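Student: Got a minute to go through this model with me? I'd like to take it piece by piece.
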Amino acid sequence: MNKQLLDRLISLRQVLHKYPEVSGQEAQTAKRIKKFIADYQPDEIIENIGTYGLAFIFDSKNEGPVTVFRSELDALPIEEINNFTWKSVVPETSHKCGHDGHMVMIAGLADYLYHNPPKRGKVILMYQPEEETGTGALKMLQDEKFTQLNPDYVFALHNLPNVPLGEIRCRDDVFAAASVGMIIRLKGKTSHAAQPEKGKSPAGAMAEIIQMLEALVRETELSDFALITPVFARLGEKAFGTTPGYAEVMATIRSYRNPDLDKLKKSARKKAEMIAETYGLSFDFEWVEEFSASINQKEAVEMIKVSAIENGLNYHHLTTPNRWSEDFGYFLEKYPGAIFGLGAGMDMPELHNPDYDFPEDLIPHGVHIFQSIIKQINQ
Ligand SMILES: [Zn+2]
Ligand SMILES: [Zn+2]
């Protein structure tokens with residue numbers, strides 16, 4: 001990559017990092033990306049897909065496959081503790097998942113496509129909002145402005161801290177797990193702590209529900225790995241004089257297979273409701289932050305492998321899927337394609353740590369892998 005382009009990408013990355021926006025508020029970030037890529041004269045720019053989603057279309061004007069490369073736009077509600085010049089100026093908000101880096105790697109492709117336009121079909125650079133909350137991909141997929149593009153392939157990457165810089169990690173079939181958050185609310189009746197029999201405490205039900213959730217994976221017939229992690233529980237108030245009248249339990253369910261997630265969701269809900277009923281409590285239930293499993297297509301994974309070799313990067317075939325989730329899974333449910341992990345280097349903070357920062361040495365590797373994929377499909 002020539003130094004001039006790399007310098008442009010690095011300064012864009014630092015601006016994006018300095019002015020981060022959390023899920024659902026990516027308006028300025030989208031504007032900055034649009035301004036940068038517009039210089040490379042894409043044939044068409046589509047804005048406001050879903051919410052702030054963007055698509056930049058480089059069209060060969062010939063028949064051929066439509067290839068989409070996707071980046072995320074959002075930052076996280078985490079206070080940055082770094083002290084470099086591009087430190088986030090927005091309180092309690094920073095790019096701690098490296099989406100600022102992902103954005104500029106996709107932007108780097110605009111320069112490549114300006115100098116090397118596709119010969120067949122179209123190449124689309126796509127930016128999606130709200131990845132961290134698992135809501136952005138679905139919003140884009142519900143928008144005709146996106147679905148009318150009819151992608152033949154969709155590709156994305158995620159940087160992986162503490163994996164050697166530039167190492168590609170991928171596998172076909174399941175790449176990342178499906179997951180969903182559950183919130184259970186139990187309502188009874190408070191009473192004086194001296195007379196618990198005059199109220200209706202949810203304490204026993206709450207304890208039973210947590211134990212039920214921890215045992216549920218063992219007790220359910222599933223086709224592959226699954227896990228339920230209770231993440232939060234609350235009972236009553238900090239008051240020695242009062243028997244509690246309210247409890248809340250939150251847990252994350254994850255599984256490698258979408259049907260297994262559905263099965264666990266159904267039985268978790270049913271069993272929790274039965275426990276609440278036994279204790280005579282009112283019951284309220286909510287699903288949040290649902291992610292579909294990311295399932296990679298074999299042919300697309302093969303192209304990633306060829307690209308890794310072409311660029312002299314180490315390709316590591318994963319034997320087991322990642323336990324975390326990615327909302328790119330929703331795109332992969334509808335279109336063939338693949339997502340892969342890109343090693344971000346050793347001895348660095350993990351994703352979502354307050355001292356994480358996307359390593360700029362990684363920018364050329366990401367751009368080059370995607371370029372090789374374009375060569376295989378559209379040139
Ligand atoms: Zn991320
Ligand atoms: Zn993240």
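**Hairpin, domains, helices and odd phi values**

Tutor: Start with two strands: S1 (residues 44-49) and S2 (residues 53-59) pair in the antiparallel sense over 4 bridges. Bear in mind that this is a predicted model.

Student: What is the bridge partner of isoleucine 49 in S2?

Tutor: Glycine 53.

Student: And how many residues sit between S1 and S2 in the hairpin?

Tutor: There are 3 residues between them. Glycine 50, in the turn, has a positive phi of about 70°.

Student: Switching to the big picture. Into which domains is the chain divided?

Tutor: Domain 1 covers 3-175 + 294-378, and domain 2 covers 178-290. Their C-alpha centres lie 37 Å apart. Domain 1 gives 7 residues to the contact and domain 2 gives 6 residues.

Student: What classes of residue are on the domain 1 side?

Tutor: The side of domain 1 that touches domain 2 has 2 nonpolar, 4 polar and 1 charged residues.

Student: Now helix H2. How far apart are its end C-alpha atoms?

Tutor: They are 16 Å apart. H2 (residues 27-38) has 12 residues, so at 1.5 Å a residue it should span 16 Å, which agrees.

Student: Which residues of H2 are buried?

Tutor: Thr29, Ala30, Ile33, Phe36 and Ile37. Seen down the axis of H2, the buried residues fall within an arc of 130°, so they line one face of the helix. On the other side of H2, Lys35 and Ala38 are exposed.

Student: What do the buried residues of H2 pack against?

Tutor: Helices H1 (3-18) and H3 (99-115), plus strands S2 and S4 (122-128). Note that S2 is also the hairpin strand paired with S1.

Student: What about H8, which residues are buried there?

Tutor: Ala300, Val301, Met303, Ile304, Ser307 and Ala308. These cover an arc of only 155° around the axis, which puts them on the same side of H8. The face turned away from that buried side carries the exposed residues Lys298 and Glu299.

Student: What covers the buried residues of H8?

Tutor: The cover includes strands S5 (153-160), S6 (168-170), S14 (294-296), S15 (315-317) and S16 (337-343), along with helix H10 (363-378).

Student: What span should H8 have?

Tutor: At 1.5 Å a residue, the 13 residues of H8 (residues 298-310) should span 18 Å. The end C-alpha atoms are 18 Å apart, which agrees. Just after H8, glycine 312 takes a positive phi of about 65°.

Student: Glutamate 310 is in H8 too. Why does it count as partly exposed?

Tutor: Because glutamate 310 has 15 C-beta neighbours inside 10 Å. In sequence, glutamate 310 and histidine 158 are 152 residues apart; in space they are 20 Å apart, C-alpha to C-alpha.

Student: Back to backbone angles. What is the phi of glutamine 41?

Tutor: Positive, about 50°, although glutamine 41 is not a glycine. Most residues other than glycine have a negative phi. Glutamine 41 is in the loop between H2 and S1. With 13 C-beta neighbours inside 10 Å, glutamine 41 counts as partly exposed.

Student: And glutamate 92, what is its phi near?

Tutor: Phi of glutamate 92 is near 55°, again a positive value in a residue other than glycine.

Student: Where does glutamate 92 lie? Is it buried or exposed?

Tutor: Glutamate 92 lies in the loop between strand S3 (66-72) and H3. It is exposed, with 11 other C-beta atoms within 10 Å.

Conventions. Residues numbered from 1 in each chain as written. Chains lettered and ligands numbered in written order. Predicted model: local features only at pLDDT ≥ 70, side-chain atom pairs only at ≥ 80, totals over all residues. Pairing = 2+ DSSP bridges. Domains from an automatic or database assignment. Contact = placed C-beta atoms within 7 Å. Nonpolar A, V, L, I, M, F, W, Y, C, P; charged D, E, K, R; others polar. Expected span 1.5 Å × (residues − 1). Buried ≥ 20, exposed ≤ 12 C-beta atoms within 10 Å, placed from the backbone. Arc of directions from axis to C-beta.
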